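Reader: Please take me through the structure below, and state the criterion behind each term.

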Amino acid sequence: MIKELFLAIVLGGILGLGVTGGYLTLKQKNQNPKPPIITQPTTIPTPTISLITTNNNSSTKNLNITYPEDNLLVSKDTIDITGNTTSNSQIIINTATDSFIGQSGQEGKFTVPIKLDAGLNIVKISSIDKDGNQLDTEINITYSTAKI
Amino acid sequence: MKLILVIIFFFTFFVKYPLAVESDPGTEDKVEEFVTNVLKPKVQADTVTPTPISDKPKSFFGSITQIDENIITLTNYGKIQRIKINEKTVFVDLKRNKSIFKNFKVGQDILAMGYLTEDQSLDGKRIVATELKAVTNNNQTVTGQIVDISKETSIFTLSPNYNKNNPFQLKTDSKTKIIDPNNKSVPINNAIVNGKKIIAIINPDPKMAKTFYASKIIVLEATVKPEN
């Protein structure tokens, strides 16, 4: 009698633990999602404004402005526009009141100094290669001597 | 006997079950910990002065579409930008006089200057009322071949490379600069010649429809017969 009683208790305990343990494991998986991880955003790298287009010969050409970045605020009325495009291209840069001309080198790099008007300047940059293919892009530069 | 065994079995099972439930670590503690250690500092950070992510000052231009307590929302060619202002922000009206925030309304074009923050809004230091027409750049560059020259006026026709079926009428005057790629001056008689390939910087003529004024012409090469 005692043996059977003891056996019943032991078996019951083992079965009970097994079922309970399995239930808990399933419950934890379904009801305990990981909290969202909030990370600090990294510093935004300086953007390069670029334009990629294709000509009639289906070859890819590009016009990238490496400096200045779009929407830059400067305190001087002259600035060098630098970038890269197809090699040996004519570079034309237009502001609202003037235009400036340069040329890209063998590697396609160019630097063209321009003069800015006071306030916002919508600067249009065009590159024309030897075949007459034209690429255009545009950036905003603000010239102001006000203390920011 | 069997009945006793069954009763003991079920008794053992149900004793374990509620204890196991009570001993559940509970997600409530974890949620509270998350709120205290992660969310609260984040919310508090947003209510203080925004931290600039670059020491390079920036400017945003556009038309005001929304004004909140301390945020101005702009739109420019469909792009939406936000300007955060505070008691130190300087406001300037169209006549370049100091103004106040209340004088700026939805629809006003403004030039906002300041520093870019982490959420890509601008920490506005100076807000200047601006008219769109004052900043519009109507100059454009076109390259092509001269296909026709007027004998009576200073107008010639340019067939652009990008669309030979849509020629431009270009007008010159004494102020038109005519140069070669090396920036050397070229006489107009050597430049405006049928078949010549040029780059022209043009803007719409306000007096003549479908005609553009050429402020600068860059002569590219020797005369070539016009392509038909």
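Author: The following exchange concerns salt bridges and accessibility.
This is a predicted model, in which local features need pLDDT of at least 70 and side-chain atom pairs count only at pLDDT 80 or more, while totals for chains, interfaces and linings use all residues. Residues are numbered from 1 along each chain as its sequence is written, chains are lettered from A and ligands numbered from 1 in the order in which they are written, and side-chain values use heavy atoms, with hydrogens and water left out.

Reader: What makes the contact of B:K84 and B:D119 a salt bridge?

Author: A salt bridge is a side-chain nitrogen of Lys or Arg within 4 Å of a carboxyl oxygen of Asp or Glu. For B:K84 and B:D119 the N to O distance is 2.9 Å, so the pair qualifies. B:K84 lies in strand β3 of chain B and B:D119 in the loop between β6 and β7 of chain B, so the pair ties together parts that are 35 residues apart in sequence.

Reader: Why is B:D123 called buried?

Author: Buried means under 20% relative accessible area, exposed over 50%, and partly exposed in between (1.4 Å probe, protein chains only). B:D123 has 5% relative accessibility and therefore counts as buried. Its salt-bridge partner B:K125, with closest N and O atoms 3.2 Å apart, has 31% and is therefore partly exposed.

Reader: Why is B:K171 called partly exposed?

Author: B:K171 has a relative accessible area of 22%, so it is partly exposed. B:K171 forms a salt bridge with B:D205, the closest N and O atoms being 2.6 Å apart; B:D205 is at 9% and therefore buried.

Terms used. Helix = DSSP H or I, 4+ residues; strand = E, 2+ residues; numbered from the N terminus.
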